[in-house]
Amino acid sequence: MNLSLTRRGATALLLLAAVSLTTAGCAGHRKEAFLHEKSREHVYRKPIGEVWPQAVALLKEKGFSFRAGKEGFEAQTEFKMEGAPSSLGTTYVAYLVRGVQKGPGQCSLEYWKRISTESRGADNTTGRQNEVNEAAPRTDTGNFNRDEELEWELIQRADVESATSLKAQAEKIQ
């Protein structure tokens, strides 16, 4: 048996496996990007009054509490810790959810995510620990970004027919 042919064969198989994994990952990413794009543009063929309770319930199920605020189809959550606290920075997330009437019996829902990071400063140089009431500085990104993953999750709950159709379209993406 020729050893160099065996090595070439093994190298070729390894290269083929690496290329397959890379392209499979790319296809998965393209499908996810497609679903996120469609989530941003989605118009429910239902009145806002039917979709709104599900939009709010989705955030409540994820542990968010709502601030008292505006009437109608706009609500904002309190900040909630995301992940474990860390001396490098603790991340907090809040949401703004908006429902927009698009026409008779049609609406769209948008989830806007706001991220804030709180970093714990080192103990002071006097040898005493920081007091509990000494607030740590919080860095706020100051802007909201659309959360297409959450919007996609709502579509799967509130508009199963459209979600099924979008999944079928996504499966055709190579």
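Contact here means that heavy atoms lie within 4.5 Å of one another, and in this predicted model S108 touches H42, Y44, I48, R98, G99, V100 and K102 in that sense, residues up to four places away in sequence not being counted.

**Overall architecture**

The secondary structure of the protein chain comes to four helices and six strands, and along the sequence these elements follow the pattern α-α-β-β-β-β-β-β-α-α. The chain has 174 residues, of which 27% count as buried. About 11400 Å² of the protein chain is exposed, with carbon and sulfur atoms supplying 55% of that area. Among contacts with a separation of 6 or more, 60% are accounted for by residues 24 or more positions apart.

**The nonpolar core**

The largest nonpolar core has 26 residues, and those with the most contacts inside it are Y44, V97, L109, Y111 and L154. The elements that give two or more residues to this core are α1 (3-41), α2 (48-61), β3 (90-103), β4 (106-118), α3 and α4; the most comes from α2, with seven residues. One of the core residues with the most contacts, L154, is in contact with Y44, V51, Q54, A55, L58, L109, Y111 and D159, once its neighbours within four places in sequence are left aside.

**Three buried residues**

Which elements hold S108, E110 and L58? S108 is found in strand β4, E110 lies in strand β4, and L58 has its place in helix α2. Because buried means under 20% relative accessible area, S108 at 8% qualifies, as does E110 at 19%, and L58 at 0% relative accessibility likewise counts as buried. The table sets out these values.

| Residue | Element | Relative accessible area |
|---|---|---|
| S108 | strand β4 | 8% |
| E110 | strand β4 | 19% |
| L58 | helix α2 | 0% |

With residues up to four places away in sequence not counted, E110 touches L96, V97, R98, R146 and E151. The C-alpha atoms of E110 and G99 are separated by 6.5 Å, the two residues being 11 residues apart along the chain. G99 is also among the residues that S108 touches.

For L58, the corresponding list of residues touched, again not counting those up to four places away in sequence, is Y111, L150, E153, L154 and R157. L58 and E153 are 95 residues apart in sequence and 8.5 Å apart in space, C-alpha to C-alpha. The contact of L58 with L154 appears again in the list for L154.

**The pairing of α3 and α4**

How do the axes of helix α3 and helix α4 cross? The axes of α3 (residues 148-158) and α4 (residues 160-171) come within 5 Å and cross at roughly 120 degrees, which means that α3 is oblique to α4. In this pairing, W152, I155, Q156, R157 and A158 from α3 meet V160, A163, L166 and K167 from α4. The residues of this contact divide into six nonpolar, one polar and two charged. R157, which takes part in the contact with α4, is also one of the residues touched by L58 of helix α2.

Note on methods:
Residues are numbered from 1 along each chain as its sequence is written. This is a predicted model: local features need pLDDT of at least 70, side-chain atom pairs count only at pLDDT 80 or more; totals for chains, interfaces and linings use all residues. Side-chain values use heavy atoms; hydrogens and water are left out. Axes are lines fitted to C-alpha atoms, for helices over the stretch in contact, and angles run from 0 to 180 degrees between N-to-C directions. Angles under 35 degrees count as roughly parallel, over 145 as roughly antiparallel, 65 to 115 as roughly perpendicular and the rest as oblique. Ala, Val, Leu, Ile, Met, Phe, Trp, Tyr, Cys and Pro count as nonpolar, Asp, Glu, Lys and Arg as charged, and the others, Gly among them, as polar. Buried means under 20% relative accessible area, exposed over 50%, partly exposed in between (1.4 Å probe, protein chains only). Accessible areas come from the Shrake-Rupley method with a 1.4 Å probe; for residues, only the protein chains shown count as cover. A nonpolar core is a set of buried Ala, Val, Leu, Ile, Met, Phe, Trp, Tyr and Cys residues joined through side-chain atoms within 4.5 Å.
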